[in-house]
Amino acid sequence: MATFLYKLGRFAFRRRIFVALAWAALLALAGFAASTAPAATSSSFSMPGTEAQKAFDLIDERFPGTSADGATARVVFKAPEGGKMTDKANKAEVKKVVADLRTSSDQVADVVDPYQVKAISQDRTVVYTQVSYKVSGMELDEKDREALTEATEQAKEAGLTVEIGGDALQAAPETGASEVIGVAIAAVVLVITFGALIAAGLPLLTALIGVGIGVSTITALSGVLDLGSTTATLATMIGLAVGIDYALFIVSRYRAELAEGRDHEEAAGRATGTAGSAVVFAGLTVVIALVGLAVVNIPMLSKMGFAAAGTVVIAVLIALTLIPALLGFAGKRVVGRKARKAAAAAAFDGHGEADAHGEHGGRLEHGKADKHGHKHAAEKPNMGTRWARFVLRHPIAVLLVGVVGLGAIAVPAASLELGLPDDGSQPTSTTQRKAYDLLSDGFGPGFNGPLLVVVDGDKAEADSTAEKISKLDGVAAVVTPATYNKAGDTAMITVIPKNRPSSAETEELVRTIRDTSGDNVQVTGATAMNIDFSQRMNDALVPYLALVVGLAFLLLMVVFRSILVPLKAALGFLLSVVAALGAVVAVFQWGWLGSLFGVEQTGPVMSMMPIFMVGVVFGLAMDYEVFLVTRMREAYVHGERPGQAIVTGFRHGARVVTAAAVIMIAVFAGFIGSTEQMVKMIGFGLAIAVLFDAFIVRMAIVPAVLALLGGKAWWLPSWLDKALPSVDVEGERLQAMAGKQGTDGDRNEDERELVRA
């Protein structure tokens with residue numbers, strides 16, 4: 001593989017105009033397709049096989065046109081101090097609002113008159129009406145939401161307190177500001193890392209091009225494949241992350257090759273052949289993690305995973321072709337001004353001759369060549385070198401501190417409770433939270449999450465079911481009479497729990513109703529759907545982990561030609577993810593340091609959080625593992641002792657991995673400032689997971705384990721070594737080309753081999 005990628009890198013470097021124009025054409029084509037594609041609706045949410053979904057399907061069949069899974073809005077009215085909602089003037093205002101809501105949008109299916117259904121609190125100070133829509137909350141237009149709020153303005157002017165809850169006000173999270181902040185921080189980190197604006201700009205430019213192509217393609221296909229806005233959001237986040245990482249790795253290796261005295265084209269080829277090989281396998285691990293989301297069997301998640309995986313593939317291809325091409329355009333400006341001056345002085349002192357690009361050999365520093373022809377700069381040990389030597393002197397202490405520290409942070413994960421946040425987790429300043437609190441105070445917390453029980457039977461069976469449910473613990477009320485279809489063979493019964501929708505008691509009530517009722521009785525509604533979603537995610541976690549970690553283990557075994565190194569990588573990742581989940585539980589479920597992160601209401605951890613963290617963080621963790629350890633493996637294969645190979649890996653890779661991790665932490669941490677509890681939790685969880693994995697696992701535990709294992713770390717049974725394909729990630733075969741520095745004959749042969757490949 002290294003040989004092929006080496007030739008590809010040199011080809012892209014020489015044919016840089018063609019390569020750059022090809023990618024520009026792809027970006028323009030994808031942009032044109034996205035701009036001309038029909039506007040897509042949000043992806044429909046379904047969970048095949050769950051009871052809640054079966055009940056929704058039955059309602060759609062027996063109650064045509066009811067849109068059981070459509071959006072709902074609960075408009076809550078509270079009387080002024082000393083007044084009652086049964087007062088004539090207040091009653092008139094509410095009825096006017098109800099009338100306005102019925103005509104506010106074409107998507108409105110029904111509006112309930114609170115005085116007809118007696119939706120009045122016991123003290124007569126609070127009433128609420130429910131607005132049902134034909135489509136889901138994510139499919140409502142902004143004008144529909146505006147019409148909902150405008151319909152209540154006159155009642156507010158009349159002195160009533162009016163708040164709106166429910167999922168009708170739900171909108172796709174606004175992430176633009178967070179992305180801009182993340183890109184800005186990435187730019188600063190890259191400038192500090194490289195010390196040259198051109199070198200810092202290349203990873204950002206190529207990452208944005210890759211994301212542009214990926215997201216435009218998703219937008220163009222969204223109508224055909226039913227892809228929602230969240231699909232593009234995930235693809236953007238993952239695409240930026242890996243796009244910057246992969247370009248950073250190759251640009252860094254290119255500069256290292258220049259420092260060893262290679263000319264620019266040869267340096268581009270070798271950077272693509274070595275760091276590019278690591279990029280290919282790191283990208284494969286991310287693709288495995290994202291495509292593996294299909295095991296959850298939730299179509300929306302599967303589509304998100306496949307779309308994001310496609311964006312990762314684009315990022316890999318851009319890193320292998322567009323980066324070498326742009327390096328050709330950048331020339332010597334890819335190195336900082338100080339280094340260029342030092343290189344020029346070194347070239348003239350050594351009577352160097354200008355190369356084909358008019359640059360003096362690209363050698364940045366003096367140094368002695370080893371037996372493989374590598375010129376190691378006579379430079380002071382950098383921070384990575386000093387840290388690696390420290391770990392080599394104290395491997396047991398570093399390992400114990402890392403493992404015990406993460407183990408302690410992981411303890412709260414044993415108390416993990418999964419669920420989906422409701423309006424009660426919204427900031428207290430939002431109308432959704434105010435409506436939630438008004439309903440809780442006036443009617444009880446269960447009114448915020450009613451259950452919908454569907455009975456596939458006649459009136460007698462429905463009445464019997466309603467009576468049985470009303471006697472269960474945890475039931476506040478059963479709304480009567482039941483709603484029947486035209487044929488009279490199916491009934492819908494509304495059950496009000498005593499406790500809040502996301503509570504463990506409500507979850508237990510749903511299970512009790514299902515366990516004590518016959519097969520013809522099914523529980524659904526938003527609360528039951530959330531419970532089923534959480535259960536589906538919980539059940540899928542172990543198979544998903546086994547699939548992702550198992551396939552990645554096999555992949556890393558091919559890369560590192562070792563059993564213990566991939567095993568160590570997988571165990572280290574699991575440790576960092578469990579520790580990150582422990583931190584999430586402590587902050588969002590227990591409330592520790594909650595005020596610091598803006599957590600106003602504790603509750604269960606978002607049910608998709610564990611799988612989401614595994615999918616995203618696993619890919620990034622393996623990026624760092626592959627880039628850092630392949631450099632160690634490369635040094636070991638080329639003759640260095642195991643301990644010295646660790647130092648070499650850190651000398652060349654620690655700064656780059658640190659920069660990549662800091663960028664990702666900054667990008668994810670930007671989401672902590674969101675007012676949405678789910679977005680806040682995702683941002684915190686991913687940021688803390690990358691922090692743990694990059695700086696504790698990869699930078700401390702990994703070198704400590706390798707130091708203790710010594711040469712045994714790279715052991716592989718001979719029979720397995722013969723069975724596994726040889727991919728030459730370390731670039732051993734490139735050593736045979738050391739004397740070929742880009743003659744015309746070599747170039748033509750490179751291009752002929754690429755065409756044949």
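This report describes the overall make-up of a predicted model and then a few of its local features.

## Overall architecture

The protein has 757 residues, of which 55% count as buried, and its secondary structure comes to 24 helices and 12 strands. When contacts with a separation of 6 or more are considered, 79% of them are accounted for by residues 24 or more positions apart.

The accessible surface of the protein comes to about 31500 Å², and carbon and sulfur atoms contribute 60% of that area.

## A negative surface patch

Four glutamates, E146, E150, E153 and E157, form a negative patch on the surface. The elements that each give two or more residues to this patch are helix α5, which spans residues 142-150, and helix α6, which spans residues 153-157.

Within the patch, E153 belongs to helix α6. With a relative accessible area of 36%, E153 is partly exposed, and this value satisfies the accessibility part of the patch criterion because patch residues need over 30% relative accessible area.

## Positive phi angles in two loops

Two residues are described here for their backbone geometry. K118, although not a glycine, has a positive phi of about 60°, and this lysine is found in the loop that runs between strand β2 (108-111) and strand β3 (126-133). K118 counts as exposed because its relative accessibility is 65%, whereas the cut-off for that class is over 50%.

N297 is likewise a residue other than glycine with a positive phi, in this case near 65°. The loop that holds N297 lies between two helices, α10 (264-291) and α11 (299-330). Its relative accessible area is 41%, so N297 is classed as partly exposed, a term that covers values between the limits of 20% for buried and 50% for exposed residues.

## A buried threonine in helix α21

T648 is found in helix α21, which comprises residues 642-669. The relative accessible area of T648 is 5%, and the residue is therefore buried, given that the term applies under 20%.

Which residues does T648 touch when those up to four places away in sequence are not counted? Under that condition, the contacts of T648 are with R631, A635 and E640. T648 thus combines a place in helix α21 with a relative accessible area of 5% and contacts to R631, A635 and E640.

Definitions and conventions. Residues numbered from 1 in each chain as written. Predicted model: local features only at pLDDT ≥ 70, side-chain atom pairs only at ≥ 80, totals over all residues. Heavy atoms only, no water. Patch = residues over 30% accessible without salt bridge, like charges linked within 9 Å, V, L, I, M, F, W, Y side chains within 5 Å. Areas by Shrake-Rupley, 256 points an atom, 1.4 Å probe, with all protein chains shown as cover. Salt bridge = Lys/Arg side-chain N within 4 Å of Asp/Glu carboxyl O. Lys, Arg positive; Asp, Glu negative; His and termini not counted. Charge placed at Lys NZ, Arg CZ, Asp CG, Glu CD. Helix = DSSP H or I, 4+ residues; strand = E, 2+ residues; numbered from the N terminus. Buried < 20%, exposed > 50% of the residue type's maximum accessible area, 1.4 Å probe, protein only. Contact = heavy atoms within 4.5 Å.
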